[in-house]
Amino acid sequence: MTTGWEAAVEAQIRSAQERGEFDNLPGAGKPIPGRGLPYDEGWWIRSFLEREQIPGDLLLPTPLQLRRRIEKLPDEVRDLPTEESVRAYVAALNTEVVAWLRTPTGPRVAVRPVSADDVVRDWRAARERAAAERVAPTADPTPVPVPPRRRWWPWRRR
């Protein structure tokens, strides 16, 4: 026996089905993902990260996030236009490192501030290499064959 509340909910579901609101839903007719696999306790966080397209690095503890950012630093500053912007980026990263060093939380991982001079030196070298590659012509050893010229008076041959 159903109560008044359950009957009202069933009536709303039935009317929605009749209107076709449940037709063509995403995943309709597809198997349930993960069915047949052993139970995984972290399934919900993995599905959330995939669905929302969040990088998994955000789940790392702070010192590991800082280490990863320091490793990726040359790639991140490569496209910055000026030396001042590179130094400002490194200074912001060093501010975060120093803030973590003052009140460390999480695992004990060695994290040190980055030398802005070293990063600027590498940035300049990368820019000079890129400029040299753009200027240097790419010589192709195989010449392109030139098609023979067609004459514009083919009627005179006959």
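A salt bridge, as I shall use the term, is a side-chain nitrogen of Lys or Arg within 4 Å of a carboxyl oxygen of Asp or Glu. Please keep that definition in mind, colleagues, while we consider the predicted model shown above.

Let me begin with the pair formed by Asp57 and Arg68. Their side chains meet in a salt bridge, with a nitrogen-to-oxygen distance of 2.5 Å. Where do Asp57 and Arg68 lie? Asp57 belongs to the loop between α2 (43–52) and α3 (62–71), and Arg68 to helix α3, so this contact ties together parts that are eleven residues apart in sequence. Asp57 has a relative accessible area of 27%, so it is classed as partly exposed. Arg68 is likewise partly exposed, because its relative accessibility is 34%.

The second pair I wish to present is Arg87 with Asp117, whose side chains form a salt bridge at 3.0 Å, N to O. This pair links distant parts of the chain: Arg87 sits in helix α5 (residues 83–102) and Asp117 in helix α6 (residues 116–135), 30 residues apart. These two residues also take part in a wider arrangement, since salt bridges that share partners join Glu83, Arg87, Asp117 and Arg124 into one network. As for solvent access, Arg87 is partly exposed at 31% relative accessible area, and Asp117 is partly exposed at 48%.

How many salt bridges does a search of the whole structure find? The search finds eleven. One more of them deserves our attention: Asp40 and Arg46 meet through their side chains at 2.3 Å, again N to O. With a relative accessibility of 33%, Asp40 counts as partly exposed. Arg46 is also partly exposed, its relative accessible area being 46%.

Asp40 brings us to the largest pocket, as it is one of the residues in the lining. The other lining residues are Ile32, Pro33, Gly34, Arg35, Leu37, Pro38, Tyr39, Trp43 and Ser47. The space in this pocket comes to about 270 Å³. What is the chemical character of the lining? Six of its residues are nonpolar, two are polar and two are charged.

I turn next to the surface. Ile13, Phe22 and Leu25 make a nonpolar patch of about 250 Å². Of these residues, Ile13 is located in helix α1, which covers residues 4–19. Ile13 is partly exposed, with a relative accessibility of 34%. Membership of such a patch requires over 30% relative accessible area, so the value of 34% for Ile13 is above that cut-off.

Finally, I should like to comment on the backbone. Most residues other than glycine have a negative phi. Two residues in this model depart from that pattern. Asn24, although not a glycine, has a positive phi of about 55°. Asn24 is placed in the loop between α1 and α2. Is Asn24 buried or exposed? Asn24 counts as exposed, because its relative accessibility is 77%. Gln53, which is also not a glycine, has a positive phi near 55°. Gln53 lies in the loop between α2 and α3, and its relative accessible area of 70% makes it exposed.

To close, I return to the contacts with which we began. The Asp57–Arg68 pair connects a loop with helix α3, whereas the Arg87–Asp117 pair connects helix α5 with helix α6. Thank you for your attention.

Conventions:
Residues numbered from 1 in each chain as written. Predicted model: local features only at pLDDT ≥ 70, side-chain atom pairs only at ≥ 80, totals over all residues. Heavy atoms only, no water. 1 Å grid on protein atoms, 1.4 Å probe; cavity = no way out; pocket = protein on both sides within 12 Å on 5 of 7 lines; lining within 4 Å. Points joined across faces, edges and corners; volume = space filled by probe spheres on them. Nonpolar A, V, L, I, M, F, W, Y, C, P; charged D, E, K, R; others polar. Patch = residues over 30% accessible without salt bridge, like charges linked within 9 Å, V, L, I, M, F, W, Y side chains within 5 Å. Areas by Shrake-Rupley, 256 points an atom, 1.4 Å probe, with all protein chains shown as cover. Helix = DSSP H or I, 4+ residues; strand = E, 2+ residues; numbered from the N terminus. Buried < 20%, exposed > 50% of the residue type's maximum accessible area, 1.4 Å probe, protein only.
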